[in-house]
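Please open the structure in your viewer and keep the selection panel at hand. The stops below are meant to be taken in order, each beginning with something to select.

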Amino acid sequence: MSDCWLSKINWSDDGLIPVIAQESSSGKMLMVAWMNREALRLTVEKREAVYWSRSRKKLWHKGEESGHIQKVKDIYLDCDEDVLLLSVEQIGGIACHTGRHSCFFKKLEDEQWVVTTPILKDPKAIYSK
């Protein structure tokens, strides 16, 4: 497989691109993460989301600890070629490390951030490390 398609992306100065994961069945935004070239190459190869962890400075196969992998259905590049959208099937129904379906669970109401969705599974039961 040629890597020409990777060169079409406007990578940031640090070699990353932001990625939005969207649930294919519902259209719900699940999370935002980052990818480098290797993460995107592996995502295409595996058809499962692989991200770059900026805090840990390493590749991160989504669900490697929790089992909540993201099966990639489609990958889209935005008009400026600097943001990716992954259409995914979220295995186990949990995308957030807090045990929620989506990372977007705080809504601004009257200048207060209000938690709008429940924890589906205690993170201590998800992550053994």
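Select Arg47 first: this residue follows helix H2, and its phi is positive, near 60°. This is a predicted model, and the backbone angles quoted on this tour should be read with that in mind. As background for this stop, most residues other than glycine have a negative phi.

Now extend the selection backwards to helix H2 itself, residues 37-46, where Ala39, Leu40, Leu42, Thr43 and Val44 are buried. Which elements cover these buried residues of H2? Displaying the surroundings brings up, among others, helix H1 (4-7) and strand S2 (29-35), together with strands S3 (50-53), S4 (58-61), S5 (70-77) and S6 (84-90). At the N-terminal end of H2, pick Asn36, which acts as a cap, with a side-chain oxygen lying 3.2 Å from the backbone nitrogen of Glu38.

Stay in helix H2 and centre the view on Thr43. Is this residue buried or exposed? Thr43 has a relative accessible area of 0%, and because buried means under 20%, Thr43 counts as buried. If residues up to four places away in sequence are left aside, Thr43 touches Met35, Glu48, Ala49, Val50, Val72 and Ile75.

From the same helix, select Glu38 and Arg41 and show their side chains, which meet in a salt bridge with an N to O distance of 2.7 Å. The two residues are 3 apart in helix H2, so they are separated by about one helical turn. Glu38 is partly exposed, with a relative accessible area of 33%, and Arg41, at 26%, also counts as partly exposed. In general, side chains of opposite charge can pair when their charged atoms come close.

How many salt bridges does a search of the whole structure find? The search finds 3, and the next one is reached by selecting Glu89 and Lys73, whose closest N and O atoms are 3.4 Å apart. Glu89 lies in strand S6 and Lys73 in strand S5, so the pair ties together parts that are 16 residues apart in sequence. Both ends are partly exposed, Glu89 with a relative accessible area of 34% and Lys73 with 41%.

With those two strands still in view, select S5 and S6 in full: they run antiparallel and are joined by 7 bridges. Ile75, already met as a contact of Thr43, has Leu86 in S6 as its bridge partner. Follow the chain into the loop between S5 and S6, where Glu81 is found; the hairpin has 6 residues between its strands, and in it Glu81 takes a positive phi near 60°. Glu81, at 32% relative accessibility, counts as partly exposed.

For another positive phi in a residue other than glycine, select Asp110, where the value is near 50°. Asp110 has its place in the loop between strand S7 (106-109) and strand S8 (112-115). Its relative accessibility is 76%, and because exposed means over 50%, Asp110 counts as exposed. Then select Glu109 and Lys107, whose side chains meet in a salt bridge at 3.8 Å, N to O. Glu109 is partly exposed at 34% relative accessibility, as is Lys107 at 46%.

Next, turn to the surface and select Met29, Val32 and Phe104, which form a nonpolar patch with about 280 Å² of accessible area together. Val32, a residue of strand S2, counts as partly exposed at 49% relative accessibility.

For the last stop, select Thr98 in the loop between S6 and S7, a residue that is buried with a relative accessible area of 17%. Which residues does Thr98 touch, not counting those up to four places away in sequence? They are Phe105, Ile119, Lys121 and Pro123. Draw a distance between the C-alpha atoms of Thr98 and Pro123, and the viewer should return 5.7 Å for two residues that are 25 apart along the chain. Finally, show the side chain of Arg100, with which the side chain of Thr98 makes a polar contact of 3.2 Å.

Key: Residues are numbered from 1 along each chain as its sequence is written. This is a predicted model: local features need pLDDT of at least 70, side-chain atom pairs count only at pLDDT 80 or more; totals for chains, interfaces and linings use all residues. Side-chain values use heavy atoms; hydrogens and water are left out. Buried means under 20% relative accessible area, exposed over 50%, partly exposed in between (1.4 Å probe, protein chains only). Helices (H or I, at least four residues) and strands (E, at least two) are DSSP runs, numbered from the N terminus. Contact means heavy atoms within 4.5 Å. A polar contact is a pair of N or O atoms within 3.5 Å; within protein, one must be able to donate a hydrogen and the other to accept it, and residues adjacent in sequence count only if both atoms are side-chain atoms. Patches are made of residues with over 30% relative accessible area and no salt bridge: like charges are joined within 9 Å, nonpolar side chains (Val, Leu, Ile, Met, Phe, Trp, Tyr) within 5 Å. Accessible areas come from the Shrake-Rupley method with a 1.4 Å probe; for residues, only the protein chains shown count as cover. A salt bridge is a side-chain nitrogen of Lys or Arg within 4 Å of a carboxyl oxygen of Asp or Glu. Two strands pair if DSSP finds at least two bridges between them.
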